[in-house]
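Let's take a friendly tour of a protein model, with a look at its pockets and two of its helices. Have a glance at the picture, then read on.

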Amino acid sequence: MRQTSGITKTGLSEIGRRLKAHRIGQGQTADELAEKLGISRAAVYRIESGGLVKIETLEQVASELRTSLASLLGVSIEYYSTAISYFDRMRQLEEQSEQVVAHFPPISYLLTSERYPAHLKQMLMESLASDVDDKKKASREIDAVIAILGERKKARALRRLSVVNFVTIPEIERWLKLGVVGRFDLPDSEVAIRRQAAQAEVENLVSLVEGEPMGIQIALLEDTLPNITFQLFRSKDQTRLGLSPFRLGGELPNIRLGLAMVTSDRPAVELYEQLAENLWRRARKGRDAVKLLRAVIARSGIERPGKSISARSDTKPRRRTAGR
């Protein structure tokens, strides 16, 4: 029987963290996984805590969790087929990082207001396809994603994790135009409300840029960047790169389809480090960023809350009388 005794303690801990992320992503409890593997729940927790484990057991685990042994071992690339498993892996990596560099359009969840989780739940439920049979299960999965995102946000605040966020003007303008929506067939009156919600989030972003809270750096770009998100998780020992198709807004949200990955492969990490450095040099920051964001909000034409859309449309412009 082959064992992982040749792997360092840190390596075993990483295997355990990856296993846990995949298990959560598949919606399985430790009890359920243990029963399918024919081992005890304590054994599952021991593996997830970084204990020694047989390679054969890891192969069984990988098969059960629909991943590969190489991905569990962290050989080259880790793949994540669900948003739950990827976001939980992000949470783990952030706990080990000294700094995170991120482009997560339209803005990173870490920069959203306290009102955004409710908007996000509404958007994600709206975005469910008509052929999703088990809506209750889908709702539970959405709640699990939002809970993990909330844990990430709290942990960042407690640790004062340094976060560099790239935000693009085209993404912000698209968000303000579409609103916080999960589908495109909403009534005009509802779209107006959702656009106001998007504006509130952009105004919250302006407040963060102006306030310069400890550990948060925001860089505003006028470029159009690829839709895929990227994060660089920088720690003392190494930097990992995360790439993901999952989105939480901007266009229509997506947490159901796609394949995310995490890698520490040096060429890939170095290329994204170079990209981040280049973007940072060209980005608007501080007062310049605030000025640009305020201009975007001003030209969005979004009514302030409390103004009636119908009343506005029914009001005819006054004709100027002679002599005035």
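## What counts as a pocket

First, a term we'll need: a pocket is an open set of grid points with protein on both sides within 12 Å along at least five of seven lines, and its lining residues have an atom within 4 Å of a point. Keep in mind that this is a predicted model. As for the idea behind the search, rolling a probe the size of a water molecule over the atoms shows where empty space is left.

## The largest pocket

The largest pocket has a volume of about 550 Å³. Its lining is made of 20 residues, and those nearest the centre are Gly25, Thr82, Ile84, Lys137 and Glu141. Three elements give two or more residues to this lining: α1 (9–25), α6 (83–96) and α8 (135–159).

Which helix gives the largest share of the lining? That's α8, with seven residues. Sorted by class, the lining has eight nonpolar, six polar and six charged residues.

## The second largest pocket

Next comes the second largest pocket, at about 410 Å³. Here 23 residues form the lining, and Thr10, Glu14, Gln96, Gln238 and Arg240 are the closest to the centre. The elements giving two or more residues to it are α1, β1 (77–80), α6 and β7 (260–263).

This time the largest share comes from α1, which gives six residues. The class count for this lining is five nonpolar, eleven polar and seven charged.

## Helix α6, mostly covered

Now for α6 itself, which has 14 residues. From first C-alpha to last, α6 reaches 20 Å, close to the 20 Å expected at 1.5 Å a residue.

Is α6 mostly covered or mostly open? Mostly covered: twelve of its 14 residues are buried. Among them are Ala83, Ile84, Tyr86 and Phe87, but also charged ones such as Asp88, Arg89, Arg91 and Glu94.

## Helix α11, a helix with two sides

Helix α11 (residues 266–282) has 17 residues, which should span 24 Å at 1.5 Å a residue, and its end C-alpha atoms are indeed 24 Å apart. In α11, the buried residues are Val269, Glu273, Ala276 and Leu279. Why do these sit on the same side of α11? Because they cover an arc of only 130° around the axis.

Flip to the other side of α11 and you'll find Leu271, Gln274 and Arg281 exposed. The buried residues of α11, meanwhile, pack against several strands, including β2 (99–103), β3 (162–168), β4 (216–221) and β7.

Methods:
Residues numbered from 1 in each chain as written. Predicted model: local features only at pLDDT ≥ 70, side-chain atom pairs only at ≥ 80, totals over all residues. Heavy atoms only, no water. 1 Å grid on protein atoms, 1.4 Å probe; cavity = no way out; pocket = protein on both sides within 12 Å on 5 of 7 lines; lining within 4 Å. Points joined across faces, edges and corners; volume = space filled by probe spheres on them. Helix = DSSP H or I, 4+ residues; strand = E, 2+ residues; numbered from the N terminus. Expected span 1.5 Å × (residues − 1). Buried < 20%, exposed > 50% of the residue type's maximum accessible area, 1.4 Å probe, protein only. Arc of directions from axis to C-beta. Contact = heavy atoms within 4.5 Å.
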